[in-house]
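Reader: Hello! I am new to this structure and would love a close look at one part of it. Could you take me through how its helices pack against each other, and then show me what else is around?

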Amino acid sequence: NAIQSKIDWCNENDIKSLFVIGPNKHAIYPENYPFERPEGKTRIDQIVEIFEELGANYVYPRDYLLEKKKTQELPLYYETDTHWNLLGGYYAYEKINEIVLKLFPNVEFPQIEYEITDVHTRYDFGDMMSAIGQKEGKSTHVILEPKNKKRGGEASFSDYYSYKENGNSDGVFTKSNDKSLPKVIIYRDSFYASLTPYFSTLFSEAEYIWKPFKEEDKQYVLNEKPD
């Protein structure tokens, strides 16, 4: 009922909606855990069935990440953290991008290729470190930068949009150089941090609000008029 009511409200106000779910780390790297995961249907499998029944636009990239993991030597999640890194976030973005292209078939979105590099660090990084009382640990930081050359030089994300913080807690607002792109508001959690660089290239304005979407947020959304 909660999912259906959100979809209905968006449809009534001519707003396209998309649900994105970040897989837990143990769903992608079960071999690194000292116990086996339970067999059978998971709670998220139940939610995905509901998305399917309701015809919702959604992305749950678990199976896609598992496929990428087979051919990608670099990790998709931080070793010292429960979240995906910028590479795992990029693969999730690829699946999101497929849906955005279908939702806006007449929009000419930027086509960007990315170069992948990585660096290794040893310091207190990630939410798992404090949980186990560890001061130092190896962490692989994967970095993706646009390959496409623009204005005669090497491309960077600044060729596509600029960052600024907004007034919300841990909020981010990005503004594109291309005003013809749609506008979006994202109610998100910490997993969306690794999606922000890529996702922001698709929109003229993107506001990332770190909180659940609730009834009291509806008027703000209507005032902002996102696509």
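Author: Happy to help; what follows starts with the whole chain, moves to the helix pairs, and then visits the strands.

Please keep in mind that this is a predicted model. The chain has 8 helices and 8 strands. Its C-alpha atoms fill a box of roughly 50 × 50 × 35 Å, taken along the principal axes. How does that fit with a compact globule? For 227 residues, a compact globule would have a radius of gyration near 17 Å, and the chain's value of 19 Å agrees with that.

Now for the part you asked about. Let us begin with helix H4, which covers residues 62-71, and helix H5, which covers residues 86-103. These two pack at an angle of about 125°, and their axes are 10 Å apart. Angles over 145 degrees would count as roughly antiparallel, and 65 to 115 as roughly perpendicular. H4 and H5 are therefore oblique to each other. Their crossing is right-handed. If you want to find the contact on your screen, look on H4 for Tyr64, Leu65 and Lys68. On the H5 side, the contact is made by Gly88, Tyr91, Glu94 and Lys95. Sorted by character, the residues of this contact are 3 nonpolar, 1 polar and 3 charged.

A second pair is worth setting beside it. Helix H1 (residues 2-12) packs with helix H3 (residues 43-54) at an angle of about 40°, with the axes 10 Å apart. That angle makes H1 oblique to H3. The crossing of H1 past H3 is right-handed. Here H1 brings Ile3, Gln4 and Ile7 to the contact, while H3 brings Ile50, Phe51 and Leu54. The residues in this contact of H1 with H3 divide into 5 nonpolar, 1 polar and no charged.

Next, the strands. Which strands form the open sheet, and in what order? There are 4 of them, in the order S5-S6-S8-S7, and the pairing is mixed. Strand S5 (161-164) and strand S7 (183-187) stand at the edges with a single partner strand each, so one side of each has no neighbour in the sheet. From one strand to the next, the twist averages 15°. Further in, strand S6 (residues 172-176) pairs with strand S8 (residues 205-209) in the antiparallel sense, over 4 bridges. A handy landmark is Thr174, which stands opposite Ala206 in S8.

One more stop is Thr121, a residue of strand S3 (residues 114-122). Which residues does Thr121 touch, leaving aside those up to four places away in sequence? They are Gly137, Lys138, Ser139 and His141. For a sense of distance, try selecting Thr121 together with Asp14: the two are 107 residues apart in sequence and 46 Å apart in space, C-alpha to C-alpha.

Technical notes. Residues numbered from 1 in each chain as written. Predicted model: local features only at pLDDT ≥ 70, side-chain atom pairs only at ≥ 80, totals over all residues. Heavy atoms only, no water. Axes fitted to C-alpha atoms, helices over the stretch in contact; angles between N-to-C directions. Parallel < 35°, antiparallel > 145°, perpendicular 65-115°, else oblique. Left-handed = near helix turned anticlockwise from the far one by under 90°. Contact = heavy atoms within 4.5 Å. Nonpolar A, V, L, I, M, F, W, Y, C, P; charged D, E, K, R; others polar. Pairing = 2+ DSSP bridges. Rg over C-alpha atoms; globule rule 2.2 N^0.38 Å.
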